[in-house]
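Visitor: I should like to learn how the features of a protein structure are read. Please take me through them in order.

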Amino acid sequence: MKRILALFLAFLPSVIFAQQMTELKKITVSESFTSGESHSYTFNVSSSVNKSKVQLVLRGSDYDYDNDGDYTDFRIQINGTSIIDVEPLKNYELGGNGTFNEITIDITSYVISGNNTIMLENTEMEGQVDYTYVTWLQVLTPAAGSSSGGGGGNELQNISVSKSFTSGVEQSYSFYLSSPSGTTKLVVRGSDYDYDNDGDFTDFTIEINGTAIIEIDPLMNHGLGQNGNFNEIEFDISSYVISGNNTVILRNTEMEGQVDYTYITWLKIMGTAGSSTSTSTTTTTSNLLSTSNIYLNTKFSAYHRFDNSSKRDYVLYLSTTSGLENATLVLDGYDYDYDNDGDFTEFNVFVNSNLISEVALNEKGLGKNGSSAKATFTIGSYLKNGNNTITLENSEVSGQTDYAYINSVTVEDGKTSSNVASYTLSLNSSYSAYHKFPNQTKKEYKLYLSNISEATNAKLILDGYDYDYDNDGDFTEFTISVNGNTVTEYPLKESGLGTNGTSAKATFEIANYLISGYNTITLENTEVAEQIDYTYINTIQVSNGSSGPSVVSKTITVNTPENINTKFTPLTEMSLSVYIANTGTIGAASLILYGTDMDFDNDADFTEFNVSVNGTILLNGTPLEGIGFGKNGTYDYHTFDVGSYLTSGYNTISLKNVEATGQTDYTFMKSVELRTQQGSNAVVNTPPAIEITEPNASRGFQVVQAQTVKVAGRAIDPDGISKVEVNGVAAQVSATGEFNATIPLGTGNNTIVVVATDNKYMSSTQTFAIENASSGGTTTGGKLKKVALVIGNSAYVNASNLGMNPINDANDMAVALKDLGFDVIKANNADYAQLTSALKEFGGKNTDADVALVFYAGHGIQVDGKNYILPTDVQLKDPRAVALECISVDNVQNIMETSNSNRLNLIILDACRNNPFQTSTRSTGSGLAEMNAPSGTLIAFATSPGKVAANGSGRNGLYTGELLKQIKSSQRLEDVFINTRIEVERISGGQQSPWEVARLKGKYDLTK
């Protein structure tokens, strides 16, 4: 029977494609499932998806590692139900022992509308070595059978766009085809807006690999939805695609000043059955100079098309050029003779402004016309200590169309064949490594000490486990060295590290090997080739035995402001390291601090602060406010003359708040810069000057009657302009600094904030106001539909009980929201099933709401940088099951997403109490992790990322208690959370500081 089933499953793919199945989701796995290992993956099935037949396609190989004829016992579950249980996937015709293919399984009866979970698990008994390697999973559903369904076969790539293309806006997206065959189609979903209501829609252009398939033609004419109605249209692009990287460019070609626009939700690349699979990255095309940091012997994935006049900088920092005489620059990609005249792209390559090549890159070995290859340049003689700038530039004259496409940029030192990754440690701070050291793997960790006396009792502490993978009783041969001195060369299991998946700590005395300045700690699996034992390191720490606060260490660069954005609360200390090759060549030097000094307790005494350079004290317990620094939220600069204190080599700048414990005054430092002179020429680094030419707001205010406003002007800076943002929207910027952006307006007063940043990261801001006197705009005026989900969890079965605070918080919040006109769904002390049910109900109600809100009070944790809210029946005996037992905040966010461009989404998390599973071996740090807010969303946290919030001594938690007071009063939404934060910080003495991440698209008042 099993053989018959296997043959049937093997036959299924041809049946699927004949029925025009469409890819719902593709999940890249790339994971070896060894004994006992399991992973879960989620996919969402909306109510609109055809669920008459749903297929799970799995690609991989089943390994009979012990060569006994039995393959891996494996389990696959869909939403908790086993569809394969303790059975080798080889029985279902999965490839064996390194042969990779796909199997297809019908999961129609197991999927549900909403979020679904796939769990893969190796169920071999402990000590067994058979395993399964899974490359990817794919979920297929039937195609709609029309152009709107994205016909044309299998989905090769789904590119999320979510972008409004206003006048002049252009975006580029890339996709990779190994060998296109048959029909390839581009499917576009979105809506075309006739914003000025004159009957003409948006002039739009779509290009594939430089050829326009639609040119200055509204997409509405091709069937795209209109004025907020979203649908899909498709184009046959078979004759335009090539093997390798392909580029789609979308461009609003409306004339300047026109307001019609197109909103694109996503793009799909579709291919006929049997067409090549696709992997892709999304990139933005821009001719503006942009800068990326690269690292020695580490490949930087560029994926950039250098069209005419396109120019990019890549910055490489070197502490020393010793041994780099034979360094080479390696570019991987292709040179494209687009006009087919036999001449390829004129291209310039510079290293530190030295022109090292000005010929077509194919003459240096780069591939041609879509076929990638490598070009190599010898650059050792052009390198210097400190920052090195590599500039790549298409120097074709205007109107030429040849271009170069660069996949990757690498600088190789010419002496090592393997890439040794390097990371920076700070004394007493735990560095989260999460790194598997298989055979011959080597990693370096840099530790800077301004003075060896900081670490007289230094210990290296590793947390993780040593794995006897071949089960022969011998563990991993491992070497640890500090500054070239061998600390150990034996299995770390012998030093206390955990074994076979159970983590524990190993400690090594290293004080005798450390030096002042930079120290190198090297970890290396020295097993000989073919050995399979390995070591897994969760965290690395160098402790000096002190229980005092950690010192944050950073490296800064001469004449480049470092945006540290640090709040120096009492005893907070930062050590900044800066390298100067020769102090005899720099002339005068100044240390420039920019920030504000806060008299938090309002007693007229400001922050006691220390500043020192190489141990010389420049400021000793004196408030920065007293010497000209900004105060109480007003930002300003203060400059110290430090030339006489600097030395050749590494220099250390120390900043410290020396207020006594319990004091609340603090200093917020935005940036630090060490500015020097080069010979007799002073390096001046001033913020950009901003000139606003449109609108005419010379008095700082203007009244208009419009739903959008064009903001234009010029940013001027001798270092060049890196970017200009207007209310957080990236403006179009010319090479000479002219910029423009179209910004939506809400009814009433609108604050317009223009921020210009130069190529040395110095920013300046100009603010003015516009009053929109029209009846339109994005506000919360009128009768709006508001829906809220309110959750309070306290009575946990397997975790600490939180008392009545979360329940009271949820009950009181539900009452307050009902008073504000919300349709409230409430769930108190909800287990997983109840939470899932409440989310489904909420999802059904929130699709057409104008305002959607989720409030949660209870236990919350972060795992691997993702946030989860905990149902009351959570167990987490196995931390790998977190995605199965908890509710991901990302999934909550997905449920709230709609196509309503004026929609307001609010997520409020009073879920930062102590982690109830702190002993977990996974990345379960304190508090919650920082998140990104999609457009139109505000996410509010009870305290800062990684911090823990107070549970509250009264009826409510500290945060929710103050939020309830503010949310009931008529005020701007932003002010609700600002005022809450001010009160929480005041009551907690600065120990708890609420945090918000917002990308709002209008002005909102929840009481209206």
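The dialogue below goes from the whole chain to sheets, helices and single residues.

Visitor: What kind of model is this, and how are its residues numbered?

Guide: This is a predicted model, in which local features need pLDDT of at least 70 and side-chain atom pairs count only at pLDDT 80 or more, while totals for chains, interfaces and linings use all residues. Residues are numbered from 1 along each chain as its sequence is written, and side-chain values use heavy atoms, with hydrogens and water left out.

Visitor: How many helices and strands does the protein chain have?

Guide: Helices (H or I, at least four residues) and strands (E, at least two) are DSSP runs, numbered from the N terminus. The protein chain has 7 helices and 67 strands.

Visitor: What percentage of the residues of the protein chain count as buried?

Guide: Buried means under 20% relative accessible area, exposed over 50%, and partly exposed in between, with a 1.4 Å probe and protein chains only. Of the 1008 residues here, 50% count as buried. Contacts, meaning heavy atoms within 4.5 Å, may also be sorted by position in the chain. Among those with a separation of 6 or more, 77% are between residues 24 or more positions apart.

Visitor: Which strands make up an open sheet, and which of them stand at the edges?

Guide: Two strands pair if DSSP finds at least two bridges between them. One open sheet of 4 strands has the order β50-β52-β56-β55, with antiparallel pairing. Its edges are β50 (689–694) and β55 (732–733); each has a single partner strand, so one side of each is left without a neighbour in the sheet. Strand β50 runs antiparallel to β52 (residues 708–716), and 5 bridges join them. Within this pair, I692 has G713 of β52 as its bridge partner.

Visitor: What is the strand order of the open sheet that contains β11?

Guide: That sheet has 4 strands in the order β11-β17-β13-β14, again with antiparallel pairing. Its edge strands, β11 (170–177) and β14 (211–214), each pair on one side only. On average, neighbouring strands of this sheet are turned by 25 degrees against each other, direction ignored. Between β11 and β17 (residues 244–252), which run antiparallel, there are 8 bridges; Y173 has V248 of β17 as its bridge partner.

Visitor: Is strand β37 largely enclosed or largely open?

Guide: In a regular strand the side chains alternate between the two faces of the sheet. In strand β37 (residues 517–525), 7 of the 9 residues are buried, so this strand is largely enclosed by the rest of the structure. Strand β31 (residues 442–449) pairs with β37 in the antiparallel sense over 8 bridges, and K442 has E524 of β37 as its bridge partner. Strand β33 (residues 478–482) also runs antiparallel to β37, joined by 5 bridges, with V482 opposite I521.

Visitor: At what angle do helices α6 and α7 cross?

Guide: Axes are lines fitted to C-alpha atoms, for helices over the stretch in contact, and angles run from 0 to 180 degrees between N-to-C directions. Angles under 35 degrees count as roughly parallel, over 145 as roughly antiparallel, 65 to 115 as roughly perpendicular and the rest as oblique. The axes of α6 (residues 958–967) and α7 (residues 973–987) come within 9 Å and cross at roughly 140 degrees; the two helices are therefore oblique to each other. The residues making this contact include L958, Y959 and L963 of α6 and V976, F977 and T980 of α7.

Visitor: How is α2 placed against α6?

Guide: Helix α2 (residues 805–819) packs against α6 at an angle of about 5 degrees, with the axes 11 Å apart. The two are therefore roughly parallel to each other. Among the residues in contact are M813 and A816 of α2 and L964 and I967 of α6.

Visitor: Where is T980, and which residues does T980 touch?

Guide: T980 is in helix α7 and is buried, with a relative accessible area of 0%. Not counting residues up to four places away in sequence, T980 touches Y959, E962, L963 and Q966.

Visitor: Where is T345 placed, and is T345 buried or exposed?

Guide: T345 is in the loop between β22 (328–336) and β23 (347–351), and counts as buried at 0% relative accessibility. The C-alpha atoms of T345 and D335, 10 residues apart along the chain, are separated by 6.5 Å. Beyond residues up to four places away in sequence, T345 touches several others, including D335, Y336, N394 and D402.
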